[in-house]
Amino acid sequence: MKLYYYRSTAPNFGDDLNNVLMPKVFPRFFDEDDLTLFLAIGSVLFDHHPQQATKVVFGSGFGQYTAAPRLDERWKFYCVRGPLTAQALGLDERLVAADAAVLVNRHLKKAVPKRFKFSYVPHWQSLLNGNWPKACELADVELIDPRWPVDRVLDMIQASNTVITEAMHGAIVADALRVPWVPVLPFHRSHRFKWSDWAGALKIDLRPFPTFPATLHDLWVSKTGRDGNWMSSKNRLIQLAVTAANDTLPYAAARGLRRLSEMEPVLSSDIALARAVAKLEEAADQIRRDFHR
């Protein structure tokens, strides 16, 4: 059975967490046999997988990035990320557990001294275009870069008193590790559906806060839902205008981060988290029985 997860153009904490967490949940379980694919953390329920492969679903979600997959007997559902995934795929709501990443609560939680009052986790795409290091420095908020190695991100989250996060897995992991978090409305609209899906599984009344982008690119994306390719224009006046805006926007973004640090942070109930962890562990036990080696 091959552990499958999405590999973006840059490292990404949420996706890369698969490689660290899943072997702890399923020791000595995975190999490179892609006739059976194991789908865990991420929005990886789509039709891009080989049709002939068996797809074992453990806490994955539908992300609305593509059309819903056409299901057949090769799809084996043990649990899914949230109620929106179950609804979109026509699955029994009893399959709803939570994002598989909540199992960090069982396998990767440790005592880490608190060093940061507030930390910020942008979406990795926002870091490609946004000057968030500068904004965080101005706001006196620690930056957690989701492109860093998984262990480093985990330590940084646990060392924070409160995590402000645009990255969904920043919220999922903080919540599972019992670190209060403040949700930031993703700049790109395509990333918003999955937040509601996961939050629904944990009965979280999700109310993400908009904040100001750190570059003109993210301002354009947040307003239009499209990439700001026009900013690559060779027109000298456009280049000067973009540079001037990008020099100024981190100050506005810093004010936004300071405002977010004043918001009431979120934490799912201990009961909801325990229920989610239990459902995931029950599903894991069933997978081990069904695919016993």
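Start by selecting Trp-181 and Trp-198: both are buried. Keep in mind as you click around that this is a predicted model.

**Stop 1: the two tryptophans**

With both side chains shown, look at the rings. Their centres are 5.5 Å apart and the planes meet at 45°, so the pair of Trp-181 and Trp-198 is tilted. Now colour by secondary structure. Trp-181 belongs to strand E8 (residues 181-183), while Trp-198 belongs to helix H8 (residues 192-201). The two are 17 residues apart, and the pair links distant parts of the chain.

**Stop 2: a phenylalanine cluster**

The ring count for the model comes to 14 aromatic pairs. For another one, select Phe-26 and Phe-30. Is this pair stacked or edge-to-face? It is edge-to-face, with 6.1 Å from centre to centre and 70° between the planes. The two partners are not equally covered: Phe-26 is buried at a relative accessible area of 1%, whereas Phe-30 is partly exposed at 21%. The cut-off for buried is under 20%, so Phe-30, at 21%, counts as partly exposed.

Add Phe-29, Phe-38 and Phe-58 to the selection. Ring pairs link these three with Phe-26 and Phe-30 into a cluster.

**Stop 3: around Phe-38**

Centre on Phe-38 and show what touches it. Leaving aside neighbours within four places in sequence, Phe-38 has contacts that include Met-1, Lys-2, Leu-3 and Tyr-4. Also on its contact list are Met-22, Phe-26, Phe-30, Val-56, Phe-58 and Ile-287.

Now zoom out to the largest nonpolar core, which has 78 residues. Which residues have the most contacts inside it? They are Leu-17, Met-22, Phe-38, Phe-58, Ile-157 and Trp-198, so two of your earlier stops, Phe-38 and Trp-198, turn up again. Select helix H11 (residues 270-290) next: with eight residues, this helix supplies the largest share of the core. A second, separate core has 17 residues, including Leu-127, Trp-132, Ala-135 and Ala-253. As general background, nonpolar side chains in soluble globular proteins tend to be buried together.

**Stop 4: the four-stranded sheet**

Switch to cartoon view. Four strands make an open sheet, ordered E1-E2-E3-E4, with parallel pairing. At the edges are strand E1 (2-4) and strand E4 (75-80), each of which pairs on one side only. From one strand to the next, the twist averages 20°.

For a closer look, pick strand E2 (residues 36-39) and strand E3 (residues 54-60), which pair in the parallel sense over four bridges. Which residue in E3 stands opposite Leu-37? Lys-55 does.

**Stop 5: Ser-8**

Follow the chain on from E1 and select Ser-8, in the loop between that strand and helix H1 (13-25). Ser-8 is buried, with a relative accessible area of 16%. A polar atom of the Ser-8 side chain lies 2.4 Å from the backbone oxygen of Ala-10.

**Stop 6: Tyr-120**

Last, jump to strand E5 (residues 116-121) and select Tyr-120. Is this residue buried or exposed? Its relative accessibility is 0%, so Tyr-120 counts as buried. Beyond neighbours within four places in sequence, the contacts of Tyr-120 include Trp-132, Cys-136, Glu-142, Leu-143, Ile-144, Ile-164, Thr-165, Glu-166, Val-184 and Leu-257. Val-141 is another of its contacts; Tyr-120 and Val-141 are 21 residues apart in sequence, with 6.6 Å between their C-alpha atoms.

How values were computed
Residues numbered from 1 in each chain as written. Predicted model: local features only at pLDDT ≥ 70, side-chain atom pairs only at ≥ 80, totals over all residues. Heavy atoms only, no water. Pairing = 2+ DSSP bridges. Axes fitted to C-alpha atoms, helices over the stretch in contact; angles between N-to-C directions. Buried < 20%, exposed > 50% of the residue type's maximum accessible area, 1.4 Å probe, protein only. Polar contact = N/O pair within 3.5 Å; in protein donor to acceptor, adjacent residues only side chain to side chain. Core = buried A, V, L, I, M, F, W, Y, C linked by side-chain atoms within 4.5 Å. Contact = heavy atoms within 4.5 Å. Phe/Tyr/Trp six-rings, centres within 6.5 Å; stacked < 30°, edge-to-face > 60°.
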